[in-house]
Amino acid sequence: MSRQSRQAIHTAAAPAAIGPYSQAIRVGDTVYLSGQIGLDPTTGNLRDGTEAQARQVFANLEAVAAAAGGTLDDMAKVTLLLVDMADFAQVNEVMASFFTQPYPARATYQVAALPKGARVEVEGVLVLGT
């Protein structure tokens with residue numbers, strides 16, 4: 001059995017990784033996007049408020065998807081991590097403005113905390129060439 005090569009995806013249009021990981025890894029036509037929080041890639045600062053952070057999260061994911069040769073419409077699965085499930089409806093509205101139907105499969109979890117005090121983090125899986 002041959003091992004498929006892994007290609008690291010990186011773009012300056014999204015925040016640099018803040019640990020030992022890549023913004024995304026491509027294996028064949030599948031791209032695994034690391035979780036993004038609402039960091040502005042130009043300043044490195046976290047956006048203020050849940051809505052602004054969610055918009056930045058999806059903009060960051062969009063930039064990484066583009067660097068991999070895709071778009072958010074190639075996203076097959078996303079996972080949302082929220083510090084407060086009361087933000088669910090607001091994040092849904094923001095997400096809907098970045099995607100078209102059919103929407104990706106999704107799971108949402110409430111977590112105790114996120115890096116840098118973020119309110120929302122999203123990661124996903126893109127499938128290219130479909």
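Begin by selecting α1 together with the elements that cover its buried residues, which include β1 (6-9), β2 (24-27), β3, α2 and β6. The model on display is a predicted one.

Next, restrict the selection to α1 (50-67). The residues buried there are Thr-50, Gln-53, Ala-54, Gln-56, Val-57, Phe-58, Asn-60, Leu-61, Ala-63, Val-64 and Ala-65. A distance drawn between the end C-alpha atoms of α1 gives 26 Å; this agrees with the 26 Å that its 18 residues should span at 1.5 Å a residue. Just after α1, select Gly-69, where phi is positive at about 95°.

Now add α2 (88-98) to the view. The axes of α1 and α2 lie 9 Å apart, at an angle of about 35°, and α1 passes α2 in a right-handed crossing. To display this contact, select Thr-50, Glu-51, Ala-54, Arg-55, Phe-58, Ala-59 and Glu-62 on α1, and Gln-90, Val-91, Val-94, Met-95, Ser-97 and Phe-98 on α2. Classed by type, these comprise seven nonpolar, three polar and three charged residues.

Turn then to the largest nonpolar core, which has 27 residues; Leu-33, Phe-58, Phe-99 and Val-122 touch the most other members. At least two core residues come from each of β3 (30-37), α1, β4 (75-82), α2 and β6 (120-127). The largest share, seven residues, is that of α1.

Finally, centre the view on Leu-33. Leaving aside residues up to four places away in sequence, Leu-33 touches Gln-23, Ala-24, Leu-61, Val-64, Ala-65, Met-75, Glu-123, Gly-124 and Leu-126. Among these neighbours, Leu-61, Val-64 and Ala-65 are buried residues of α1.

Terms used: Residues are numbered from 1 along each chain as its sequence is written. This is a predicted model: local features need pLDDT of at least 70, side-chain atom pairs count only at pLDDT 80 or more; totals for chains, interfaces and linings use all residues. Side-chain values use heavy atoms; hydrogens and water are left out. A nonpolar core is a set of buried Ala, Val, Leu, Ile, Met, Phe, Trp, Tyr and Cys residues joined through side-chain atoms within 4.5 Å. Buried means under 20% relative accessible area, exposed over 50%, partly exposed in between (1.4 Å probe, protein chains only). Helices (H or I, at least four residues) and strands (E, at least two) are DSSP runs, numbered from the N terminus. Contact means heavy atoms within 4.5 Å. Axes are lines fitted to C-alpha atoms, for helices over the stretch in contact, and angles run from 0 to 180 degrees between N-to-C directions. A crossing is left-handed if the near helix is turned anticlockwise from the far one by less than a right angle, and right-handed if clockwise. Ala, Val, Leu, Ile, Met, Phe, Trp, Tyr, Cys and Pro count as nonpolar, Asp, Glu, Lys and Arg as charged, and the others, Gly among them, as polar. The expected span of a helix is 1.5 Å times one less than its number of residues.
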